Amino acid sequence: MINEKFPKIWYGGDYNPEQWDKATMEEDMRMFNLAGIDVATVNVFSWAKIQRDEVSYDFTWLDDIIERLTKENIYLCLATSTGAHPAWMAKKYPDVLRVDYEGRKRKFGGRHNSCPNSPTYRKYAKILAGKLAERYKDHPQIVMWHVSNEYGGYCYCDNCEKQFRVWLKERYGTLEALNKAWNTSFWSHTFYDWDEIVAPNALSEEWSGNRTNFQGISLDYRRFQSDSLLECFKMERDELKRWTPDIPVTTNLMGFYPELDYFKWAKEMDVVSWDNYPSMDTPFSFTAMAHNLMRGLKSGQPFMLMEQTPGVQNWQPYNSAKRPGVMRLWSYQAVAHGADTVMFFQLRRSVGACEKYHGAVIEHVGHEHTRVFRECAELGKELQQLGDTILDARSEAKVAVMYDWENRWALELSSGPSIALNYVNEVHKYYDALYKQNIQTDMISVEEDLSKYKVVIAPVMYMVKPGFAERVERFVAQGGTFVTTFFSGIVNENDLVTLGGYPGELRNVMGIWAEEIDALLPGHQNEIVLRQDWGGLRGSYSCGILCDVIHAETAEVLAEYGADYYKGTPVLTRNKFGNGQSYYVASSPDADFLQGLIANLCEEQGVKPLLNTPDGVEVAERVKNGTSYLFVMNHNAEEMTFDAGASRQRDLLTGKTISGQATIPARGVMILERA
Ligand code: GAL
């Protein structure tokens with residue numbers, strides 16, 4: 001359990017008092033108490049303050065901060081400060097500076113700016129983590145280590161290039177194996193010496209960020225850079241663990257952030273934490289899906305909401321204020337999906353530089369008489385009252401949607417068949433259909449144990465890794481329902497096409513083969529025409545982006561295309577396989593079709609919605625010791641009514657008992673306790 005040391009939903013966030021004088025900090029303590037803040041993330045970006053040259057370290061100011069917070073009984077999420085290197089280091093040891101995609105050597109500036117394969121960066125980051133852990137190892141208030149900050153970005157410098165060759169040697173063993181995996185006989189690319197291999201960027205194989213001549217090298221470079229940053233994380237983690245084996249270690253992730261394979265990262269982290277910054281028009285179902293992905297990183301373990309803004313952001317094109325009630329609502333949305341902390345960036349707004357217009361619990365005016373502060377303080381009180389009731393409660397979803405970073409990289413790198421194909425959007429379409437019907441859903445990796453689920457949906461599973469097809473076959477044979485879509489089963493883990501007909505290794509379980517893949521022009525659609533009514537699905541629906549032209553082998557055809565030269569050929573098939581069945585959706589359908597499809601699949605498998613609610617009223621469940629906690633969240637700006645069911649349930653937030661028709665205020669939240 002995350003919150004062992006003080007068992008309640010931790011409440012607080014990033015705090016940078018090194019930017020302020022002592023009097024301000026005094027005032028902060030008073031206001032933290034008013035707001036019910038009990039955890040502070042400190043020392044996130046202080047490397048330059050701690051270390052002015054190679055040998056001098058000064059922690060006295062940090063001692064001070066830690067003592068002040070300790071006096072107020074505020075717990076510490078202590079960061080290691082390695083998310084931005086000091087200027088002196090960049091000047092003296094240019095190897096810490098990255099080379100960018102265009103091949104330009106960067107100068108000092110920004111943050112998240114260190115080359116992960118820089119010997120200097122690694123040396124000093126390791127020393128710093130070790131010194132921090134040694135100094136504060138016995139400090140009773142430290143509840144979490146926060147390594148670096150939002151790892152990300154790629155580097156293309158000479159050190160990375162050299163290290164890439166080492167990484168490749170480990171992966172492939174011989175150049176012969178590498179040449180085969182990358183299909184280098186194409187365009188005369190055969191390598192005879194490891195040193196002939198260069199980093200793939202705009203100077204070599206790539207352009208526009210994700211267009212490439214060779215998917216093999218580009219895919220491996222993404223794996224390698226993700227691994228390189230992960231090495232940096234592990235190096236600091238191991239230093240911290242040397243001194244404090246019992247303090248958990250995390251680093252803040254970013255949801256669907258494209259560049260790192262978080263499933264791989266999560267294996268190295270004690271606790272998953274992430275920063276949730278939806279914009280005002282992000283669909284609520286997208287945020288819910290991102291929370292569930294973060295929960296899925298460690299197979300359902302609760303996670304930390306490490307950052308969110310209490311008010312506005314500063315880095316989006318339009319930084320609208322969170323409307324009254326929205327901060328509370330979105331905080332509970334995180335908790336509903338598995339967060340056991342509610343934390344902000346930031347506790348006090350900074351006075352200068354690019355984040356001065358980023359919201360904070362304490363705004364520039366400096367006192368507590370602001371709307372944002374009042375809302376924060378009310379939530380602080382509420383979380384205190386909740387105590388430990390829902391800590392460590394889990395999801396018991398019977399439906400899962402798969403997501404895979406390597407699959408995403410390969411898809412995005414593939415030239416053709418359509419730039420309109422966006423993996424995350426396709427995944428979201430299915431998640432959204434489940435969300436709208438209040439079907440509790442997990443987001444899982446391709447390695448997850450499938451036997452927990454009744455329905456598993458793997459949209460655009462383009463890359464099939466070793467062993468995956470067999471696991472799907474076993475899952476279906478044992479009674480599961482598996483769904484995949486167009487452009488699936490095309491390549492192996494090296495982006496080499498599986499010959500003999502798409503969907504390659506999935507052909508057996510799907511009972512179809514795809515002969516052609518047609519990309520529709522912008523604005524063009526085809527039709528999904530049901531052969532006969534099926535549950536709520538009847539008549540026709542539109543579809544687009546890609547249309548696989550498929551042949552049913554052992555599968556039964558449920559719907560066919562309504563137009564074009566493949567009119568009358570299958571677009572939706574069902575294949576009975578052992579005790580279960582698999583569905584192939586050969587194009588990207590409209591939302592109505594997906595609603596109907598999801599309803600039918602859940603019905604067939606006996607998976608019930610958590611509740612029936614009107615549009616915009618979200619429901620999610622956490623379960624603990626046989627008790628269900630049903631979160632009902634009204635995203636609408638007006639009061640709504642819904643059917644809470646016949647049994648009497650207590651709302652943990654108001655203490656009221658409800659049943660039958662219930663009303664929920666605009667942007668309101670209920671946590672219904674059900675035995
Ligand atoms: C996060 C970052 C914070 C702060 C925040 C602003 O991505 O970790 O340091 O910059 O964004 O929204």
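What is the order of the strands in the open sheet of nine strands? The legends below take up this question and then visit other parts of the model.

This is a predicted model, where local features need pLDDT of at least 70, side-chain atom pairs count only at pLDDT 80 or more, and totals for chains, interfaces and linings use all residues. Residues are numbered from 1 along each chain as its sequence is written, and side-chain values use heavy atoms, with hydrogens and water left out.

**View 1. The open sheet of nine strands.** The strands follow the order E7-E4-E3-E2-E1-E11-E10-E9-E8, and their pairing is parallel. Two terms will help you here: strands (E, at least two residues) and helices (H or I, at least four residues) are DSSP runs numbered from the N terminus, and two strands pair if DSSP finds at least two bridges between them. At the edges sit strand E7 (249-250) and strand E8 (252-253), each pairing on one side only. Look further in for strand E9 (residues 273-275) and strand E10 (residues 303-307), which run parallel and are joined by three bridges. Here you can find Trp-274 opposite Leu-305 in E10. As you follow a strand, keep in mind that in a regular strand the side chains alternate between the two faces of the sheet.

**View 2. The ligand and the residues around it.** The ligand is surrounded by Phe-45, Arg-111, Asn-149, Glu-150, Asn-252, Asp-275, Tyr-277, Glu-307, Trp-315, Phe-345, Glu-355 and His-358; a residue is near a molecule if one of its heavy atoms lies within 4 Å of it. This shell divides into four nonpolar, three polar and five charged residues. In that count, Ala, Val, Leu, Ile, Met, Phe, Trp, Tyr, Cys and Pro are nonpolar, Asp, Glu, Lys and Arg are charged, and the others, Gly among them, are polar.

**View 3. Polar contacts of the ligand.** A polar contact is a pair of N or O atoms within 3.5 Å; within protein, one must be able to donate a hydrogen and the other to accept it, and residues adjacent in sequence count only if both atoms are side-chain atoms. For Arg-111, a polar side-chain atom lies 2.9 Å from an oxygen atom of the ligand. For Glu-307, an N or O atom in the side chain is 2.8 Å from a ligand oxygen atom. For His-358, the distance from a side-chain N or O atom to an oxygen atom of the ligand is 2.7 Å. Of the 310 Å² of accessible area that the ligand has on its own, the protein covers 95% (areas come from the Shrake-Rupley method with a 1.4 Å probe; for residues, only the protein chains shown count as cover).

**View 4. A cis peptide bond at Phe-345.** Phe-345, one of the residues around the ligand, is joined to Gln-346 by a cis peptide bond with omega of about 15°. You will find Gln-346 in the loop between strand E11 (339-344) and helix H12 (371-386).

**View 5. Domains 1 and 2.** The domain assignment, which is automatic or taken from a database, gives domain 1 (10-152 + 248-386), domain 2 (399-605) and domain 3 (617-674). The C-alpha centres of domain 1 and domain 2 are 38 Å apart. Their contact (heavy atoms within 4.5 Å) takes 24 residues from domain 1 and 20 residues from domain 2.

**View 6. Strand E18 and its partners.** Strand E18 (residues 540-552) runs antiparallel to strand E16 (residues 512-519), and seven bridges join them. Asp-518 has Cys-547 in E18 as its bridge partner. Strand E17 (residues 526-530) is also antiparallel to E18, with four bridges, and there Asn-526 is partnered by Cys-543. Three bridges link E18 to strand E22 (residues 587-589), again antiparallel, with Gly-544 opposite Ser-588.

**View 7. The open sheet of five strands.** Here the order is E23-E24-E29-E26-E27, with antiparallel pairing. Strand E23 (617-624) and strand E27 (657-658) are the edge strands, each pairing on one side only. Six bridges connect strand E24 (residues 627-634) with strand E29 (residues 669-674), where Tyr-629 has Glu-673 as its bridge partner. Strand E26 (residues 649-651) pairs with E27 over two bridges, and Arg-650 stands opposite Thr-657.
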